[in-house]
Amino acid sequence: MKILAISCSPRINGNTVAMLEEVLRGARDKNADTELYSVSGKNLQPCDGCWACANSGKCHINDDMQELYEKIILADGLVFGTPIYFWGMTAQAKTILDRTIALNQPGQNLTNKVAGVIAVCGSLGLVDALKDFSYFFIQRRMLPANQVSAYLTNPEQLKEMAQCRKAACQLGEQIVQLVKMDFKYPEEYIQRHGAFGTHTR
Ligand SMILES: Cc1cc2nc3c(=O)[nH]c(=O)nc-3n(C[C@H](O)[C@H](O)[C@H](O)COP(=O)(O)O)c2cc1C
């Protein structure tokens with residue numbers, strides 16, 4: 001079982017990574033293989049809306065997202081970590097979510113993958129980011145795990161925040177437990193997703 005943590009902070013040793021390390025510790029305690037991917041220093045271009053991926057199943061943008069696609073496809077469980085930037089997820093986090101539209105094909109989509117969230121901020125703005133991840137998981141037919149948020153301005157603070165570390169660690173354990181449940185949406189939902197939500201006339 002593979003659990004992939006994606007840090008969407010541009011800071012390689014910041015609060016988001018510190019929290020994700022706790023999550024992965026919990027997952028390893030439950031015998032999962034874990035990997036931490038950081039967007040720091042990566043070339044991640046925004047989706048240009050060309051829709052070529054709808055037919056090819058591939059994104060034409062030749063950047064570091066190509067490597068991340070491979071990691072996402074192989075992962076059974078994902079945990080996204082983002083700092084809050086002006087009441088929302090970082091641009092890098094949104095870029096990754098948008099670019100997964102290219103994984104909208106049988107055999108390489110997000111359907112049935114378990115997904116958790118870590119969000120960190122100094123004071124305000126967690127809820128909007130968590131809501132956006134929730135809609136994304138539901139729309140992509142993923143299985144949502146917990147969302148853990150923390151008020152952190154310095155990773156050193158986390159050493160004194162036992163409950164917060166425990167919640168992050170438990171998220172890792174929970175992701176493994178949920179993957180083991182092997183939840184599957186009915187086959188009809190696994191076909192290529194149509195419109196976003198249901199439209200009636
Ligand atoms: C551009 C920018 C915008 C930010 N906006 C917010 C915000 O709206 N609310 C908040 O509480 N903290 C905000 N912060 C603070 C970060 O969310 C906070 O320091 C976080 O812990 C950084 O995580 P990191 O160390 O993983 O990068 C902002 C920081 C930056 C650089």
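This is a dialogue about how some descriptions of a predicted model are reached.

Trainee: What makes the chain as compact as a globular protein of its length?

Mentor: Its radius of gyration is 16 Å, and the globule rule gives 17 Å for 201 residues. The two values are close, so the chain counts as compact as a globular protein of that length. Its C-alpha atoms fill a box of roughly 50 × 35 × 35 Å along the principal axes.

Trainee: Which elements make up the chain, and in what pattern?

Mentor: There are eight helices and five strands. Along the sequence they follow β-α-β-α-α-β-α-β-α-β-α-α-α. Of contacts between residues at least 6 apart in sequence, 79% join residues at least 24 apart. As for burial, 48% of the 201 residues count as buried.

Trainee: Why is H1 called oblique to H7?

Mentor: The axes of H1 (residues 15-29) and H7 (residues 162-181) cross at roughly 45° and come within 7 Å. Angles under 35 degrees would be roughly parallel, and 65 to 115 roughly perpendicular. The crossing angle fits neither range, which makes H1 oblique to H7. The crossing is right-handed.

Trainee: Which residues make that contact?

Mentor: H1 contributes Met19, Glu22, Val23, Arg25, Gly26, Ala27 and Asp29. From H7 come Cys164, Arg165, Ala168, Cys169, Leu171, Gly172, Glu173 and Val176. Sorted by class, the contact has eight nonpolar, two polar and five charged residues.

Trainee: Glutamate 22 is in helix H1. How do you know whether glutamate 22 is buried or exposed?

Mentor: Its relative accessibility is 14%. Buried means under 20%, so glutamate 22 counts as buried. Leaving aside neighbours within four places in sequence, glutamate 22 is in contact with Leu158, Arg165, Ala168 and Cys169.

Trainee: Why does glutamine 66 count as partly exposed?

Mentor: Its relative accessibility is 25%. Buried would need a value under 20% and exposed one over 50%, so glutamine 66 falls in between and counts as partly exposed.

Trainee: Where does glutamine 66 lie, and what does glutamine 66 touch?

Mentor: Glutamine 66 lies in helix H3 (residues 65-74). Not counting residues up to four places away in sequence, glutamine 66 touches Cys59, Ile61 and Arg99. Its C-alpha atom is separated by 13 Å from that of tyrosine 37, which is 29 residues apart from glutamine 66 along the chain.

Trainee: What makes the phi of asparagine 31 worth a remark?

Mentor: Phi of asparagine 31 is near 75°, a positive value in a residue other than glycine. Most residues other than glycine have a negative phi. Asparagine 31 lies in the loop between H1 and strand E2 (33-38).

Trainee: How do you know whether asparagine 31 is buried or exposed?

Mentor: The relative accessibility of asparagine 31 is 69%. The cut-off for exposed is over 50%, so asparagine 31 counts as exposed.

Trainee: What is the phi of phenylalanine 86, and where does phenylalanine 86 lie?

Mentor: Phenylalanine 86 has a positive phi of about 45°, although it is not a glycine. Phenylalanine 86 lies in the loop between strand E3 (77-83) and helix H4 (91-99).

Trainee: Why is phenylalanine 86 called exposed?

Mentor: Its relative accessible area is 79%. Exposed means over 50%, so phenylalanine 86 is exposed.

How values were computed
Residues numbered from 1 in each chain as written. Predicted model: local features only at pLDDT ≥ 70, side-chain atom pairs only at ≥ 80, totals over all residues. Heavy atoms only, no water. Axes fitted to C-alpha atoms, helices over the stretch in contact; angles between N-to-C directions. Helix = DSSP H or I, 4+ residues; strand = E, 2+ residues; numbered from the N terminus. Parallel < 35°, antiparallel > 145°, perpendicular 65-115°, else oblique. Left-handed = near helix turned anticlockwise from the far one by under 90°. Contact = heavy atoms within 4.5 Å. Nonpolar A, V, L, I, M, F, W, Y, C, P; charged D, E, K, R; others polar. Rg over C-alpha atoms; globule rule 2.2 N^0.38 Å. Buried < 20%, exposed > 50% of the residue type's maximum accessible area, 1.4 Å probe, protein only.
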